[in-house]
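User: Please take a close look at the salt bridges in this model. I would like the cut-offs stated along the way.

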Amino acid sequence: MDDRGGSFVAVRRISQGLDRGTTYHSNSAEVVAGSAAWLGRGLSCVCAQRRDSDARPSFELTPSQEECLHRLQSRIDVAYDSSNPDHQEALRALWRAAFPGEELHGLISEQWKEMGWQGKDPSSDFRGGGFISLENLLYFARNFPKAFQDLLRKLEGDRAMWEYPFAVAGVNITFMLIQMLDLEAAKPRTLAGTSFVKLLAVSFSLEEIASFRADNESAFDLLYCIAFKLLDHQWLEMRASYMDFNSSIKNTVMKATRRQLERELLLEDVTRLEDLPSYSLLTR
């Protein structure tokens, strides 16, 4: 805890492996991911201001909601493993989706900097977000290729001065969403998290959910895509520069993105993620 204010610093993986029935909870609505170099070298931190309004009375999960939440939490708990062939292939698939026709010379290569990783080994950046942060990027690339390419190649807006590291930003967005939705608790205790869980299983029966493969459970991935486009929109609106990614400007953009998503998740007429106003920012 910072003695100068109501902020604290937490590391993303601190709760990994803890019993989800414990009372560990960030209880924050102002989470901003990143260190002085955004993720530093594999650490993802948050500086958060606590707000009493974040908490809400507990609610009972339906069996389908409980199953969907458990499956999502299982994904969140998977760390990126550079020795895992499936993880290696997912990373290669991300390269192919980002740069079709351009040969990748290795999983450790200077080429990765073209995508906005901090160095030539993306695995060091995944430590803050886990394997799900790679899955999120890959889902974005495959399902919204135009929006993905627009952000990767900075094709929208006046980008002469207003750039940011695409891939590292993506990992931070994953981290921010996990915190915002309180997904490391047994069940969410924030308004946004509660609303999201209610959307998880809105269209499916428990029997249908039980038959799904993990890669078919895409609500979190879709929210990630929306959040990425919203962050980019906020970045351009603030006319921030690349150097601002190491400053309080970056924190301000992340906070604004989070607050907007929280507001939209609480709208009465939102019954699915496609109803979120920011969904309109996505293009396929």
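Analyst: What follows covers the salt bridges and one helix contact.

This is a predicted model, in which local features need pLDDT of at least 70, side-chain atom pairs count only at pLDDT 80 or more, and totals for chains, interfaces and linings use all residues. Residues are numbered from 1 along each chain as its sequence is written, and side-chain values use heavy atoms, with hydrogens and water left out.

The structure holds 10 salt bridges (a side-chain nitrogen of Lys or Arg within 4 Å of a carboxyl oxygen of Asp or Glu). Arg75, Glu135 and Asp221 are linked in a network of such bridges. Arg75 lies in helix 1, residues 63-76 (helices are DSSP runs of H or I, at least four residues, numbered from the N terminus). Arg75 is buried at 9% relative accessibility (buried is under 20%, exposed over 50%, partly exposed in between, with a 1.4 Å probe and protein chains only).

Glu135 and Asp221 are among the residues that make the contact between helix 4 and helix 9 (contact means heavy atoms within 4.5 Å).

Also in helix 1, Arg71 and Glu67 are 4 residues apart, so about one helical turn separates them. Their closest N and O atoms are 2.7 Å apart in a salt bridge, and Glu67 is partly exposed at 24%.

Asp182 and Arg189 form another salt bridge, at 3.7 Å from N to O. Asp182 is buried at 5%, whereas Arg189 is partly exposed at 25%.

How values were computed. Helix = DSSP H or I, 4+ residues; strand = E, 2+ residues; numbered from the N terminus.
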